[in-house]
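Work through the following exercises with the coordinates open, and try each task before reading its solution.

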Amino acid sequence: MQTFALLINGAVRRVSVPPDTPLLWVLRDSLRMTGTRFGCGAGVCGACTLHLDGAPVRSCVLPVSAVGDAAVTTIEGLGPHPLQSAWIAEQVPQCGYCQSGQLMQAAGLLAKNPRPTDADIDAWMTNLCRCATYDRIRRGIHRAAAQMFEESRR
């Protein structure tokens, strides 16, 4: 066991876990933050996506020892964000299981590219959705981007 001081959603949280424990399990099991989901355990599906210093990462394959001083943002720390209201307006979720990861991935896209094209979205959004709501996800991203653009003009 090793003790780690993690900056999560703006607050320092201390945990004692083996250094190779994936960040996902530190969040879910040690800190009881269950918004970040387990999907595949191989970093492929994206259900576990969160931000590390603002960049989307797959937390199921990220050992807690690799976090260091980086700021961790989970779905609990994302809001309020225009993507959340866009997701509701476009009725993006069906089962909803993958949506926290989808939102975190999309937020990373909009932080890097505030006016993405369909091609940009398709290239960036590598998260899987078993319900195949990809068209709604794309519309939600465009809606949030438009809202963010309008807000920036005020």
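**Exercise 1. Decide whether Gly46 is buried or exposed, and find what surrounds Gly46.**

Solution. Begin with the accessibility: Gly46 has a relative accessible area of 3% and therefore counts as buried, where buried means under 20% relative accessible area, exposed means over 50%, and partly exposed lies in between, with a 1.4 Å probe and protein chains only. Next, place the residue: Gly46 belongs to the loop between helix 1 and strand 3, helices (H or I, at least four residues) and strands (E, at least two) being DSSP runs numbered from the N terminus. Then list the contacts, that is, heavy atoms within 4.5 Å: when residues up to four places away in sequence are not counted, Gly46 touches Arg58, Gly101 and Asn127. Finally, compare sequence with space for one pair: Gly46 and Ser65 are 19 residues apart in sequence, and their C-alpha atoms are 20 Å apart.

The coordinates are a predicted model, in which local features need pLDDT of at least 70 and side-chain atom pairs count only at pLDDT 80 or more, whereas totals for chains, interfaces and linings use all residues. Residues are numbered from 1 along each chain as its sequence is written, and side-chain values use heavy atoms, with hydrogens and water left out.

**Exercise 2. Work out the strand order of the sheet and say which strands stand at its edges.**

Solution. Take the pairing first, two strands being paired if DSSP finds at least two bridges between them: five strands form an open sheet in the order 2-1-5-3-4, with mixed pairing. The edges are strand 2 (11-17) and strand 4 (55-58), and because each has a single partner strand, one side of each is left without a neighbour in the sheet. On average, neighbouring strands of this sheet are turned by 40° against each other, direction ignored; axes here are lines fitted to C-alpha atoms, for helices over the stretch in contact, and angles run from 0 to 180 degrees between N-to-C directions. For one pairing in detail, strand 3 (residues 49-52) and strand 5 (residues 71-73) are antiparallel over two bridges, and His51 stands opposite Thr73 in strand 5.

**Exercise 3. Identify which strands helix 1 lies across, and which residues of helix 1 are buried.**

Solution. Helix 1 (residues 23-30) lies across strand 1 (2-8), strand 2, strand 3 and strand 5, and runs at about 100° to strand 2. Helix 3 packs on the sheet as well, touching strand 3, strand 4 and strand 5, with its direction at about 40° to that of strand 3. Returning to helix 1, its buried residues are Leu23, Leu24, Val26 and Leu27, and their cover includes strand 1, strand 2, strand 3 and strand 5. An α-helix has 3.6 residues a turn, so residues three or four places apart point the same way. Just after helix 1, Arg32 takes a positive phi of about 60°.

**Exercise 4. Determine which residues have the most contacts inside the largest nonpolar core, and which helix gives the most to this core.**

Solution. A nonpolar core is a set of buried Ala, Val, Leu, Ile, Met, Phe, Trp, Tyr and Cys residues joined through side-chain atoms within 4.5 Å. The largest such core has 18 residues, and Leu83, Trp87 and Ile141 have the most contacts inside it. Helix 2, helix 3 and helix 5 each supply at least two residues of this core, and helix 3 gives the most, with six. To see the surroundings of one member, leave aside the neighbours of Trp87 within four places in sequence; its contacts then include Val92, Leu103, Ala106 and Ile137. A second, separate core has 17 residues, among them Val15, Val17, Leu62 and Val72.

**Exercise 5. Find how many salt bridges the whole structure holds, and examine the pair Arg139 and Glu90.**

Solution. With a salt bridge taken as a side-chain nitrogen of Lys or Arg within 4 Å of a carboxyl oxygen of Asp or Glu, the search finds five. In one of them, the closest N and O atoms of Arg139 and Glu90 are 3.0 Å apart. This pair links distant parts of the chain, 49 residues apart, with Arg139 in helix 5 (residues 134-152) and Glu90 in the loop between helix 2 (82-89) and helix 3 (99-112). Arg139 is partly exposed at 42% relative accessible area, whereas Glu90 is buried at 16%.
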